[in-house]
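This report goes through the strands of one structure and then looks at individual residues. The sequence and the model are shown first.

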Amino acid sequence: VTTVGAKYQVTPSLSSTVAYYKGKYTNAATSQAGDLKSYVLWNQFDLSKRTNLYAEVDYTRASGDLSTGVSANNVGATVGVRHSF
């Protein structure tokens, strides 16, 4: 798995992170192979030292034998509140 990312502190309470993940799959027994590439944008707003709001959007693309034929491209989104104890 290859990973590259960067975080930017927009304000003292708001940060934005962008990341790229690439995974390569190879099965020597069946000669199957494929790639999985993901792009992620994560934003976080700190309400306090232990509580924050977050929003995440990601795009994933499968190729080769990892592609099911139904959809090789997927988009996801998550929004939430996190509190650390």
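## The β2-β3 hairpin

In this predicted model, β2 and β3 form a hairpin with four residues between the strands. One residue of this hairpin, Ser31, has a positive phi near 60 degrees.

Strand β2 covers residues 14-27, and strand β3 covers residues 32-46. The two run antiparallel and are joined by 14 bridges. Within this pairing, Tyr20 has Tyr39 in β3 as its bridge partner.

## The sheet as a whole

The hairpin strands belong to an open sheet of five strands, in the order β1-β2-β3-β4-β5, with antiparallel pairing. At the edges are β1, residues 2-9, and β5, residues 73-83, each of which pairs on one side only. On average, neighbouring strands of the sheet are turned by 15 degrees against each other, direction ignored.

## Pairings on either side of the hairpin

On one side, β2 pairs with β1 in the antiparallel sense, over eight bridges. Here Tyr8 lies opposite Ser16 of β2.

On the other side, β3 pairs with strand β4, residues 51-64, again in the antiparallel sense and over 13 bridges. Lys37 is placed opposite Arg61 of β4. The connection from β3 to β4 is also a hairpin, and it passes through four residues.

## Ser15, a buried residue

Is Ser15, a residue of strand β2, buried or exposed? Its relative accessible area is 6%. The cut-off for buried is under 20%, so Ser15 counts as buried.

Leaving out residues up to four places away in sequence, Ser15 touches Lys7, Tyr8, Gln9 and Val10, and also Trp42, Asn43 and Gln44. Of these contacts, Tyr8 is the residue that stands opposite Ser16 in the pairing with β2.

## Val75 and the nonpolar patch

Val75 is part of strand β5, an edge strand of the sheet. Its relative accessibility is 67%. Exposed means over 50%, and Val75 is therefore classed as exposed.

Val75 also contributes to a nonpolar patch on the surface, together with Val18, Leu41 and Val57. The area of this patch is about 360 Å².

## Summary

The model shows an open antiparallel sheet of five strands, with β1 and β5 at its edges. Ser15 in β2 is buried, whereas Val75 in β5 is exposed and takes part in the nonpolar surface patch.

How values were computed: Residues numbered from 1 in each chain as written. Predicted model: local features only at pLDDT ≥ 70, side-chain atom pairs only at ≥ 80, totals over all residues. Heavy atoms only, no water. Pairing = 2+ DSSP bridges. Axes fitted to C-alpha atoms, helices over the stretch in contact; angles between N-to-C directions. Buried < 20%, exposed > 50% of the residue type's maximum accessible area, 1.4 Å probe, protein only. Contact = heavy atoms within 4.5 Å. Patch = residues over 30% accessible without salt bridge, like charges linked within 9 Å, V, L, I, M, F, W, Y side chains within 5 Å. Areas by Shrake-Rupley, 256 points an atom, 1.4 Å probe, with all protein chains shown as cover. Salt bridge = Lys/Arg side-chain N within 4 Å of Asp/Glu carboxyl O.
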